[in-house]
Structures are given as structure tokens and as C-alpha cells.
Amino acid sequence: MQTVAVFAEADRQSTHRYKSDESYEVGHGKAPVAAYLDYESIIRCAKENGAQAIHPGYGFLSENAAFARRCEEEGIVMIGPKSQTLTEMGDKVIAKAKAKECGLPLVPGTEEATADVNDALEFAKEFGMPIMLKAAMGGGGRGMRVVKEYSELEDAFKRASSEAQTAFGDGRMFLERYVEAPRHIEVQILADNYGNVVHLGERDCSVQRRHQKVVELAPAPNLDPVLRQRLFDDAVALAKHVNYRNAGTVEFMVDKQGRHYFLEVNPRIQVEHTVTEEVTGIDLVQSQILIAGGQKLSDIGIKSQDDIQLRGFAMQCRITTEDPSMNFSPDFGKVEVYRPPGGMGVRLDGEVVVGSRVSPNYDSLLVKLTCSEKNFEATVQKMYRSLNEFRIRGVKTNIPFLMNVLSSETFLSANFATDFIDSTPSLFKLDSYIDDTQKLLNYLGDVAVNGSSHPGAVGPAPTCAEPPVPEPKKSLAQLKDTGFKAILDKEGPAAFAKAVRQHKGLLIMDTTWRDAHQSLLATRVRTHDLRRSAPLTRSALSGAYSLEMWGGATFDVALRFLQEDPWRRLELLREQVPNIPFQMLLRGANAVGYTSYADNVVQSFVHQARKSGIDVFRVFDSLNYEDNLMFGIDAVRNADGVVEATICYTGDVSDPKKTKYTLDYYVDLTTKLVEHGIDVLAVKDMAGLLKPRAATMLISAIRAKFPDLPIHVHTHDTASTGVASMLAAAAAGADVVDVCMDAMAGTTSQPAIGAVINSVAGTELDTGLDIDEVLKLNLFWEQTRGLYSPYESGIKSGSSDVYIHEMPGGQYTNLKFQAYANGLGSEWDRIKDSYATANKILGDIVKVTPSSKVVGDFAQFLVANNLDEHSVVEKADTLSFPTSVVEYFQGYLGQPVGGFPEPLRSRVVKNKEIIAGRPGASLPSMDINKLQNELSIKHTGRRSITHKDALAAALYPKVFDEYVVKRDTVGPVGLLPTKAFLKGLDIDEEIEVTTDRGVSTNIKLKAVGELLPSGNREVFFEVNAIPRVVEIHDRKILESASKGGGGAVAREKSDPLDPGSVGAPMSGSVVEVLVAPGQKIKAGEPIVVLSAMKMETTVASPVAGTLKHVGVVKGDTCAAGDLMCAIDVDAA
């Protein structure tokens, strides 16, 4: 049989036209839907090209009686019912009358279709609510609404009628009383031209959303056999009564009492006919054609009803291009990847190939997946497996939702009705389901088109490729149950501390994984490189006291700049290094933040950190404020972690002229800590001020008073005296000193591990570490550091002026960068001097995050405003001080040693609240579970929010929200090699991305295309040797256009974190704008009506407020996320 396809101009590249023998355009010059509704053009095409019959499919004109009548008049066979039957059955009002003549049970409804909303209002007054609105000439859920409130009827009628007019060319509506939560059962009939009618069993179509079928089954499970037979009898009786010809479906509702009601007749082939074909073995479309050609049922193998035998079970899932996380808004675009499932009993109906374009003009159905098996349970299992195997990229699909449906207890019980989806909210709990590879391609494509954009990356591009990692000497099995980690796990913190004190030789803590790169590389070293070094690290440093690898600035930097989950970093590294204690930096009552938090937040954070893998907590307070310290110590003790309480060192105990922070001060503070109960004492010299002689004096004094107390010393090598100071501390009785890999050591970082190991080798302080293996690890970091050259500070050598300005090591690096970024690079020497001045003005405070930030902000403020220690006090009443400085004087960080300087404090604080005592004590507890629920709602579709996420958000609410949005956009960029993350790929450069154990993806950049009229560029990749293409906005062109340079101009995007920034929930065209700027808006009030894929959606305001701006006008075409309206929430 020769075939002729027709297509609208917009579909000239559609697959169907190339699969037919001939194809011709119809409805020239008309909109896509209108072209297919232009039956005169279709009939003309058929006649001109010798077509003898027309199959109308199951949309557009398939139920149009006028079209069928014109075919009959032109001598063309319409493959379907006669025009008279379509008139009677296609119009729901007439069909209802015919059913009544046959004695079929009916639901109360209008006798005639109407386009007048007043008729609907009168019907509602007579029969009450709720009622169902149905398109008189429609189907497939188009033009259908359930209206439960009388006040909503007029608007619902208007929207449904508009949809029906667009989809079917007829806006008349049929109204009936709504039956609550029925089952939807339909019977397939087949009739010839000679009065012979058979049924082919029933289908259960109860799983619906928006009155559109989602999952269809044959036969209907748990259906009473007596009721089933009544349905068959009624369907066949009605078909005979109207002299039905060809294939059709009689649809029924079955209420909760088992009573059935005639619903409608679909006088055409149905979307879900596939399940009937699978259980009967009868090709319905072929049967349609043969019957239209004049054959009897007996000619096609159906001599009687007994010839219809049902075997097994079949299920169809409609895979649509809808986004379940965005209220099923339609999506359209190019299919980048299409990898369908297969195997026995798996059937696909569709014309999708890689490169297919999903049009916004039609229904969102992409492909039909039908599975068949022996019984319901086996069919569900096969369908779930098939959905899981499906890979469709480039457009969003409802597959995750379908998988939720299939795994629901209600569905698996086979006791579902039409309210199943609406009454099962768990079905809508969806993770972001755009695949990670697609997101990574978008990220890499964006870098290829627009260049990399990483805050702080001001140095040269990465200078090396990813280096290999030498093989470790010891396997994981050999390291099991060894070292201090094993003692801690088996015997607890007290036994751990005792073992440390009794250890012969000097112990080291390696800071390479945290403080070293915080001090040198703006805390930018990624989990990817830490994990690569982990096997060698656990072997080379197996005898170490601990690895400092978490806390401090690494937490927020991971979220803010690396798009990494810091909790995941901790857990991944713990898996890789189970044999060495992990240590974190805990800012006491500030946790890992820069301010005070509710006590329960800090306590929960510490508990989770211990659970996720932290062993030793270095607890410090940025002001050495005892109340904050004691609170942090108690939090760690309650979490069963090792309490390493910290005295932060500043000043110079070897200089008798410095009288504030004396030897007695530090010994007295240590005494208070020991009396409170600690495991280890840390001396934290955050600026590198601890000179060798001072180290000897301080450690000797503490050791003399506390002979059994393990002492751990930390310094920075800013003045290049770090190694000497650590050796002096060790000789004076310190048990542990902090070092890092030679390649990451020196200047503002820690002393070099190689220097310390070699210095004590062969003495009673010998570390026992294998220097050869340590040097192999150092080589890895020497090469890896080249990858982070964009973050190099430019500091070439040590600087003894640290003894003057007393700036902490990490801050020295960061503040220098900030100075240059703020245009104060030439003032760097002044800033260092001002830092010392600011410290003096503040009362010579302990300087470590967050107090060091206060001093740094204050120093830049002094330089920018040309102030000195006298003028700042004199002008304080009129100055606007940095927020950190104001909050410091208010007492948000606690109380400094010696109190706050007056009158400056009073002049800075003015009439603001002053906190006396520990700040966290006065803060109300936070409901973390409530926060988790709120975040789950806010980030639905982006991330499945965990307790750890809630803790991160409690500490950094804005940073966490931005991380979730960014991570959802760019994907798991933490898996990319560092060079690819920072700089992108070169043409023909290939990387391998490992996404899971034994699972990796090969990505190669092939080319960047020319600028398209849309302002996009196509970026061409190969993924596992298969071509993939992504389209990326060229922002350089867009920026040029916005400055008057011409070219494409992008629409303004909504801000997903601003509730008043209302974005389009889907791509589509604007049908109506219902509001105007300046208008007062209520939450839930309709603002814009969108149309896509023949479905109209009313966008409602999520908040109350005043409308500031409307971003669209009627007729606009917009993409998902484009700004619809901006609402001033505060003006509500």
C-alpha cells in the first residue's frame, strides 16, 4: 500500500513525512494546528495525489463529522465511522441521548452543548456542585475542567472553552454532575459494514491527571466479572443501536458502589489501543483499514465474539515532554539523546530519533511504551524496568513521575480510581531529573562559549595536566585497625589522648587538605584532587596524629565557589581514609560560620560532623572568650568526639614590653580549660607570631603545670620561622605539631613536613614516617598545585612584618586579593599598617576568623576613608562602619580580653542592642526539622533536602540556596577534572568523568559553532563516542546588544530565590495578561495565561504585594524561567 503524508509548514522536517512514500504540505500560511484542521486542503491534497482513503489518526479531525461528510461527498474513504455516526457519537450530548435510548445508566447532564457561560451557571444552580465541563467535540482531557466552587465556574468555563476552540475548532461545552473518584473503564469495540459488532475487552484508564490518561491497562484489574459483562453488553448494544462501523471505544465510569454510568463514545482509534492489541493479538489499525476497504469481521479472522481471547496482561505508559517538578509544564526543544528499552514484551510507538524537535504546537506525548506479561505484577515490574532503562535528554519528560506511580502502594494494590494521582502527594516528590551528563555538557559548553568565571581566579590559567598518583606502599587491608584511629574507635577519646601523650617521638598533623590550601590558594582545592591523593595519603601518613581536612572556611567555600557539598566531601574522604583520625576546625559557638547561632544548631552540627567522620574537633574562639569555648567543648564532648580545646596565640610572651597576652594569661586560660574537661590542648598561632624562644617558654610552662596533657601546636610560616618554632615547641614538650606537604608549605601556610621529619630523624623525636613515601605524596601535590595557579596569591617569600601587623596567614593571602579586587592594590602597604592600627583601636584583640575579619574590614575602611586612630574616634558618630565592626561592638562574637574600648564602642553602636555574655545563650532555638521541610518545598525538583542540608542552610542560608540552584543548573561539576572545571576543554580534548563505582563517562569537545540568529551557539561534543550537541547563549553578544551593539537580546529571567520574581512555569505563548503595574496582588491571584501544546495554564502569584513590573505582553513567546511579573512583597 502506497502512503501519502500531510504536514503543516512548521512540521516540514518531521519524521513522519519522510517515512511515507509521498508527502505534501497542507493549510499553507496557517498556524500549525489550524493547518491540520483545514480539511478542505487535506481533501484537495488527497484527490490531487490519488489517495483513495484517509486515516485521521486520533487527534485533530478524527471526530469531525463535517470532514467525514466531505470525504464521502468526494468519494474518499474515511477510515473510521460514517459521518452520521460521528455526528451522533462525536457530540457528547447526542451520544448521551442515544445511550439513554438503549437503557444505559447516565449521569445528570445538559441536553445540549453550549458556548454560553450563563447556561453553565444555571445548570450549576439546578444540580449543585461539583460539576464537570467537557468540550462537546473534544477528548484527551482538552477543554475539560472539574469545578468545585460556584465562584470559580465562570473563569473555568472561559478557559475550557478557549482550549476546546483552539484544539477542536469548537468551543461549545457539555456539562454534567461530577462523580467523585470513579474508575474509568472503557470497552474497545470493532464493527464492520454489515452489522457485525464485537468487543475486544476492556481497558482501565483510571490513572489520570488533568483528565488525561497517564497509564492504561488491559484487562482492568480487580473488576467484578458480572460488572465486566454488563459493560461489554452495554457497549455492544450501543454500537449496534447507532449502526457503528470500524473501531471505537465506549467509555464508562464505575463509582465506589460498583455502579456504572455511560460516559461517552470515542468514535476513533484511541491512544491506548496498544494494550488491547497486546492482549488480543489483533492489529486494530490494520483491522480499521481492512474494514474500511469492505471486509467483514469474518474476513479478518473474527467470526464471532468467541474468537476474541484475552491472554496475559498489558500496560501502556504515555511518556510526555512535561516537567513533573514544575506542575507538569510542557517542554519542547531538540531531543539530544534517545536510548529506548527493549526485549520481549516491550513495545514502543513513536517516531522519535536523536535530533527530533518537540514542537510547542501540539500535545506533549512523545512516545508510548507498552509492556506485556502473564499477570499484573509481572507487567508492572517489566514496565518499571523499561522506564528505568529509557534515556531521553534535551527535553524534560514525565518518566520520574511514572516510576513513582508504578512504585506506589496504591497502584501496586490495583485498587486505584481517577483521584489516585491527586490524592497521593508522594508521587510528586521528585529529585531533579535532568541527567548529570547533560548538565555537565551545558557547563562545559558555557565555558567554551563564554569563558570561565570563577571568583578569585585572577592568576594565570592552570599550568599543568592532571598528574598521576604514585602507588601507595601499604594496601587498605594492611592499614586496617592500625594507628590512633583504631584506638579512638575501640576505646574512646580518653584512651586516644593517653596514647598520644605516651607516644615516643613527635607526632604530626598534616594540614594539606585544609589550612594549607586555605592559606595559599583561597581554599579552592577540590574534593576531586583530595580523593585522588587519598590512597597514597593513608599509607604515607598512617602514623600521623590526624589529618586536618574540614571545617573553617572550607565549608562555605565548597558551597559558594566549588559547587560542592562539604558533607559529601567529608564522607567520601572518610571512605578513602578510614585509618587516620580526621580533624576539623570548629569556631566554638560560631560552628563553621562567621556569627553566633542558636545553641541547638551548633550542637546538631557537631553531632552530624562526628557521625559523618570527624574524630578530633579543634575548638577555638576568635576572642579566647571562655563562655564560647566552654560551650563548644561541651558540644563536642556530648557528641563523643575528641575535644582539642584551643588557646589562640597573639602578642609575644618573650617580649616583656607586651603585657596584655602574657605567659600567665595563657597558663591561666589553659587551667580553666583543663578544669572544664578536655582531651588535648591546642596552641593556635594563626599569624605565625610564635617565635622559637616564645614557643620554648610557652610550651615549657604549660608542660610543667600539666605533665599528662597532650599538647598540639599550630603555626603559620609567614615570617619563615615556622620550622624553628615547631622544633622548639617539640623540644619543650609538645606532642604534636602542624605541618603540610613541602609543595604547599611556607609563607602564609604551615611549615614543611620534610623539613620537620628530617630535622628530628634519628633523635628521640623521630616521627617514624617513611620520608620516601612522603616525598612521593609531595610530588603529587607539587604537580597538582599547578592546576590551581589561577588562585595563587603572588606572595613570593616570607615576610617578618607579620610581627608588626599580626595578620593571620590565611587572611594575609585573602586580604591581599580583596585589596586588589577593590582597587586598593597600590595601597597594600597602607592596608597592612592600617591592620595594625585597626587592631590597636579595637583594643589589641585575638585575631582569628571571625574576629580577624572584623580587623580586616576595619583596616580597609580606614584606608578607604583616610582615617587614623584619632580621627576615627572623633568622627565615629557620623561614620557608617562595616557591619562586621558594628556587630563586633554589639557583642555578637562575645567579649574580648580586657573589654571593649570606649568611647568608640558607644559611638559605633549608637542605639543598637548590646549583647552581654555568650551571644548564643540569648538566641531562640531553631526548629531544624521545620527548616528542612521549608527547604524541601523551596527546592522541590532541584534537590532532595536532608538533615545535613538543613544544617548547612542554618549556618549559611543565602549561600546554601544559591548552591542548590547553581548545582541544579551545572550538575556535579565536582566530578570534573580540575583543569576542565576551571578552564574548560580545548578542542579535541577528552576527559573521563567517573560518576559512580564502575560507571564513567567519556567527554570530548569537538567544536563550537557559529552564532545563530537566536544569539546561541551550538557546542559539539562526543559522549562515549556518540555525538551530542548543546545550545549555549553567547553572553558576549547579548551584552553587546544590551549596550546598543545590536544582535539578539535575551528575555529577563526570574530569580528563583526571590518569591516576588514570578517566572514562566513552562515554555509557551502568552494568551492573556491579567494584571498591570502598580496593581495590588493577592497570593494565588491569576496574573498571566500561558498556552503550550494545546493546554492553557493560568500562572498565579505566589505572594501578595504590589506589581512593580510586567515582563510580557499578549502574544509573546517565552521560555521556562522567563520573568512574567515582578512583585514588591514588602509593599503588600
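Trainee: In what order do the four strands of the open sheet with antiparallel pairing stand?

Mentor: Happy to start there, keeping in mind that this is a predicted model. The sheet is open and its pairing is antiparallel. β30 (990-996) and β33 (1026-1033) each have a single partner strand, so these two stand at the edges. The twist averages 35° from one strand to the next. Reading across the four strands, the order is β30-β31-β32-β33.

Trainee: Which residue of β33 is the bridge partner of F1021?

Mentor: Look at strand β32 (residues 1016-1023) beside β33: the two run antiparallel and are joined by eight bridges. In β33, the partner of F1021 is R1028.

Trainee: Which helix lies across β30, β31, β32 and β33?

Mentor: The helix you want spans residues 436-450 and runs at about 55° to β33. In the domain assignment, domain 3 is made of 434-451 + 984-1050. The helix lying across those strands is α15.

Trainee: Is K1004, which meets E990 in a salt bridge, buried or exposed?

Mentor: Good one to check by numbers. The pair has an N to O distance of 3.6 Å, and it links K1004 in strand β31 to E990 in strand β30, 14 residues apart. E990, at 45% relative accessibility, counts as partly exposed. Buried means under 20%, and K1004, at 18% relative accessibility, counts as buried.

Trainee: Which strands are joined to β41 by bridges?

Mentor: Strand β41 (residues 1123-1128) has five of its six residues buried, so "mostly covered" is a fair description. One neighbour, residues 1061-1063, runs antiparallel to β41 with three bridges, and there V1062 has C1125 as its bridge partner. Another, residues 1105-1110, is also antiparallel to β41, with four bridges, and L1107 stands opposite I1127. These strands are β34 and β39.

Trainee: Why is helix α10 described as largely enclosed by the rest of the structure?

Mentor: Go through residues 273-280 one by one. H273, T274, V275, T276, E277, V279 and T280 are buried. After α10 comes G281, whose phi is positive, near 75°. The helix is largely enclosed because the buried residues number seven of the eight.

Trainee: What covers the buried residues of α17?

Mentor: First pick out those residues: in helix α17 (residues 483-491) they are F484, K485, A486 and L488. Just after the helix, G492 takes a positive phi of about 95°. The covering elements include α18 (493-502), β22 (507-510), α22 (566-576), α23 (599-612) and β26 (642-648).

Trainee: How far apart are the closest N and O atoms of R145 and E163?

Mentor: Both residues of this salt bridge are buried. The closest N and O atoms of R145 and E163 are 2.9 Å apart. R145 lies in strand β6 (residues 145-147) and E163 in helix α8 (residues 153-168), so the pair ties together parts that are 18 residues apart in sequence. To end on the value you asked for, the distance is 2.9 Å.

Trainee: How many salt bridges does the structure hold?

Mentor: Beyond the pairs we have met, K98 and E88 meet at 3.7 Å, N to O. K98 is in helix α6 (residues 92-101) and E88 in helix α5 (residues 83-90), so that pair ties together parts 10 residues apart in sequence. There is also a network linking E186, R203, K213, E216, E251, E272 and R318. The total for the structure is 73.

Definitions and conventions. Residues numbered from 1 in each chain as written. Predicted model: local features only at pLDDT ≥ 70, side-chain atom pairs only at ≥ 80, totals over all residues. Heavy atoms only, no water. Buried < 20%, exposed > 50% of the residue type's maximum accessible area, 1.4 Å probe, protein only. Contact = heavy atoms within 4.5 Å. Pairing = 2+ DSSP bridges. Axes fitted to C-alpha atoms, helices over the stretch in contact; angles between N-to-C directions. Domains from an automatic or database assignment. Salt bridge = Lys/Arg side-chain N within 4 Å of Asp/Glu carboxyl O.
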